[in-house]
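Got your viewer open? Let's walk through this one stop by stop, with a selection to make at each.

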Amino acid sequence: RCWHHDIFIRSWGTINSSPHPLRNFLIENNVFDRTLGGYYSLRLARTDGWPCKQFVIRNNSALQNTYSDCIAEGVYFFGNIQPAMPSYMCSSVKYTSLNYNLYESGVACGKHDSVGDPRYTDRAALDLRLLSGSAAIDRAHPASFPPSDAHGASRPRGLGADAGAFETE
């Protein structure tokens, strides 16, 4: 129940009068609720000349969209589930690699992204485990997913790993 963002990562300050890049973040297997007044559950923000390097954001389930405007040298969003991907956002994330994500509405930006119903167990109670028939089943990146889900269940348990924070049985 955060006000602006569940996670907001932005670099501040300099080292030896030079911008210091944000680097080496792994954010996986999280469940993000809607914020109380902000726009994004997860936001990576840049300041001109402050690149982001080696960010991997994978297999998260969010009830609010995520966003990155980092000048990137390796920012990857893989196997996440979020409510929407508006078409204008595809061009604004040109420095970010989007692939194998599931959006409930909008367009698929990445080559293997898709649009469909994740079929959550109980969205209102923030139980974002997947039900049978979910469009997220077997949809995570085939080579980049956590070895277990948010509850510790091993991945994959079917033909492939599931997108989002939880693996179905």
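Is Ser144 buried or exposed? Select Ser144: its relative accessibility is 14%, so Ser144 counts as buried (buried is under 20% relative accessible area, exposed over 50%, partly exposed in between, with a 1.4 Å probe and protein chains only). Before going further, note that this is a predicted model, in which local features need pLDDT of at least 70 and side-chain atom pairs count only at pLDDT 80 or more, while totals for chains, interfaces and linings use all residues. Residues are numbered from 1 along each chain as its sequence is written, and side-chain values use heavy atoms, with hydrogens and water left out.

**The whole chain**

Zoom out for a moment. The chain has 1 helix and 16 strands (DSSP runs numbered from the N terminus: helices are H or I with at least four residues, strands are E with at least two). Of the 169 residues, 49% are buried. Take the contacts with a separation of 6 or more: residues 24 or more positions apart account for 48% of them (a contact means heavy atoms within 4.5 Å). About 8,400 Å² of the chain is exposed, and carbon and sulfur atoms supply 51% of that (Shrake-Rupley areas with a 1.4 Å probe; for residues, only the protein chains shown count as cover).

**Back to Ser144**

Ser144 sits in the segment after β16 (127-130). Show its surroundings: beyond the neighbours within four places in sequence, Ser144 is in contact with Arg58, Asn59 and Phe78. Its side chain makes a polar contact with the side chain of Arg58, at 3.2 Å (a polar contact is a pair of N or O atoms within 3.5 Å; within protein, one must be able to donate a hydrogen and the other to accept it, and residues adjacent in sequence count only if both atoms are side-chain atoms). For a distance label, try the C-alpha atoms of Ser144 and Val56: they are 9.3 Å apart, with the two positions 88 residues apart along the chain.

**His141**

Now pick His141, also in the segment after β16. His141 counts as buried because its relative accessibility is 15%. Which backbone nitrogens does the His141 side chain reach? One is that of Ala143, at 3.0 Å, and another is that of Ser144, at 3.2 Å. Leaving out neighbours within four places in sequence, His141 touches Phe78 and Tyr100.

**Tyr100 and Asp113**

Follow that contact to Tyr100, in the loop between β12 (97-99) and β13. Check its backbone: phi is near 65 degrees, a positive value in a residue other than glycine. At 14% relative accessibility, Tyr100 counts as buried.

Next, select Asp113, in the loop between β13 (102-106) and β14 (114-115). A polar atom of the Asp113 side chain lies 3.0 Å from the backbone nitrogen of Tyr100, and a polar atom of that side chain lies 2.8 Å from the backbone nitrogen of Asn101. What is the nearest side chain of opposite charge to Asp113? It is Arg139, 6.7 Å away, and Asp113 is buried yet has no salt bridge. (Lys and Arg count as positive and Asp and Glu as negative, with His and the chain ends not counted; a salt bridge is a side-chain nitrogen of Lys or Arg within 4 Å of a carboxyl oxygen of Asp or Glu.) Outside its neighbours within four places in sequence, the contacts of Asp113 include Leu98, Tyr103 and Ala108.

**Ring pairs**

Switch to the aromatics. The count comes to 4 aromatic pairs (rings of Phe, Tyr and Trp, its six-membered ring, pair if their centres lie within 6.5 Å; planes under 30 degrees apart are stacked, over 60 edge-to-face and the rest tilted). Phe25 and Phe55 are a stacked pair, 4.7 Å centre to centre with 15 degrees between the planes. This pair links distant parts of the chain, 30 residues apart: Phe25 is in strand β4 (residues 22-28) and Phe55 in strand β7 (residues 52-58). Phe25 is partly exposed at 31% relative accessibility, whereas Phe55 is buried with a relative accessible area of 0%.

Then highlight Tyr40 and Tyr67: ring centres 5.1 Å apart and planes at 20 degrees, so the pair is stacked. Add Tyr39 to the selection, since ring pairs link Tyr39, Tyr40 and Tyr67 into a cluster.

**Last stop**

Finish at the peptide bond joining Arg155 and Pro156, which is cis, with omega about -15 degrees. Pro156 lies in the segment after β16.
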